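Me: I'm new to this structure and would like a close look at a single part of it. Could you take me through the nonpolar core and then show me what sits around it?

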Amino acid sequence: MRIAGSLRNFSRLDEAQIKAVDIHEGLDNTLTILGSKLKANHDLREIALVKQYELTEPVECHAAQLNQVFMNILDNAIGALEEQRTSNRQPTPEIRVATRSFAFTDGRLGIEIEIADNGPGIPDEVRSQIFDPFFTTKPVGKGTGLGLSISYQIVCERHQGELTCQTAAGGGTQFEIRIPLVLDPNADSELGASLINAQNPPEPPEAPRKKETVDAP
Ligand SMILES: Nc1ncnc2c1ncn2[C@@H]1O[C@H](COP(=O)(O)OP(=O)(O)O)[C@@H](O)[C@H]1O
Ligand SMILES: [Mg+2]
């Protein structure tokens, strides 16, 4: 079962928090889970997927949280391509996922993951707010406005990395995720943990569980 296996791998519930993992596996699992949203159906054109994977080493990270970041950014890209998918006059909707090694200005070695779409881009007045909690341009019931603020915390605080966005109204959008190859355990910030946990509730402690009984309220 491809999806079930991908989901198990995506959430990585059975693993230690920080672990050296293959980033490409995380990206591919996320793309598999989103697979049906990329495919063509009666009134939607297929989204072309371009992968440019260049990493050769595993990366130390909170894999489940990083997968959540991939999911949030890819989900936004798919949403942004909606218009393009219904109109034949628009260019073919495309998402590009690229990975490469990277060196931070402070000397730390790391990796960069680029997720780009050729959607409508983000106008300047919106661009300055996309990482704010609860900021959304989507209709009520469609967006929570939490995807990018949670992603920002996971990348910048949990992983001591950088999350940036390049976009132009009318010219597509590109997000860059940069994280170090090795995490400094002392620098792991708990700031924003509540927001991250709101989306990713921690596993309950391994206490001997009582048999479920239905109690009258
Ligand atoms: N790839 C993208 N193309 C265009 N706009 C985007 C893209 N990614 C994010 N946005 C903008 O950023 C806003 C915030 O995104 P997010 O935090 O994920 O919340 P939500 O998706 O629930 O609206 C979106 O409502 C949208 O306006
Ligand atoms: Mg979103």
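Reply: The largest nonpolar core of this predicted model holds 35 residues, and the ones with the most contacts inside it are Val69, Ile73, Leu74, Ala77, Ile115, Val155 and Ile177. Quite a few elements chip in: helix H2 (23-33), strand E3 (59-62), H4, E4, E5, H7 and E7 each supply at least two residues of this core. The largest share, 8 residues, comes from H4.

To get a feel for the packing, pick out Ile73. Leaving out residues up to four places away in sequence, Ile73 touches Ile115, Ser151 and Phe175.

Now for the sheet. Its 5 strands run in the order E2-E4-E5-E7-E6, the sheet is open, and the pairing is mixed. At the edges you'll find strand E2 (48-53) and strand E6 (162-167), each of which pairs on one side only. On average, neighbouring strands here are turned by 15 degrees against each other, direction ignored.

Take a look at the E6 end. There, E6 pairs with strand E7 (residues 173-180) in the antiparallel sense, over 6 bridges. Within that pair, Leu163 stands opposite Ile177 of E7, and Ile177 is one of the residues with the most contacts inside the core.

Two helices are worth tracing against this sheet. Helix H4 (residues 63-80) lies across strand E4 (94-103), strand E5 (109-117) and E7, and runs at about 20 degrees to E5. Helix H7 (residues 147-158) also packs on the sheet, where H7 touches E6 and E7, and its direction makes about 130 degrees with that of E6.

Those two helices turn up again around ligand 1, since H4 and H7 each supply at least two residues of the shell there. H4 gives the most, with 4 residues. The shell has 21 residues in all, and Asn76, Ala80, Thr136, Gly143 and Gly147 come nearest to the ligand. Sorted by type, the shell residues are 8 nonpolar, 11 polar and 2 charged.

Next, have a look at a few loops. The one between E6 and E7 contains Gly170. Is Gly170 buried or exposed? Gly170 counts as exposed, because there are just 9 C-beta neighbours inside 10 Å and the cut-off for exposed is 12 or fewer. Still, Gly170 has partners from elsewhere in the chain: setting aside neighbours within four places in sequence, Gly170 is in contact with Pro120 and Gly121. Pro120 is 50 residues away along the chain, yet the C-alpha atoms of Gly170 and Pro120 are separated by 4.7 Å.

Two other loop residues have a backbone detail in common. Phe134 sits in the loop between helix H6 (124-127) and H7, and its phi is near 70 degrees, a positive value in a residue other than glycine. Phe134 counts as exposed, because it has 9 C-beta neighbours inside 10 Å. On the other side of H7, the loop between H7 and E6 holds Gln160. Phi of Gln160 is positive too, near 50 degrees, and again this is a residue other than glycine. Gln160 is partly exposed, because 19 other C-beta atoms lie within 10 Å and buried would take 20 or more.

Finally, step back to the whole protein chain. It has 8 helices and 7 strands. Of its 217 residues, 30% are buried. Among contacts with a separation of 6 or more, 70% are between residues 24 or more positions apart.

Note on methods: Residues numbered from 1 in each chain as written. Chains lettered and ligands numbered in written order. Predicted model: local features only at pLDDT ≥ 70, side-chain atom pairs only at ≥ 80, totals over all residues. Pairing = 2+ DSSP bridges. Axes fitted to C-alpha atoms, helices over the stretch in contact; angles between N-to-C directions. Contact = placed C-beta atoms within 7 Å. Near = placed C-beta within 6 Å. Nonpolar A, V, L, I, M, F, W, Y, C, P; charged D, E, K, R; others polar. Core = buried A, V, L, I, M, F, W, Y, C linked by C-beta atoms within 7 Å.
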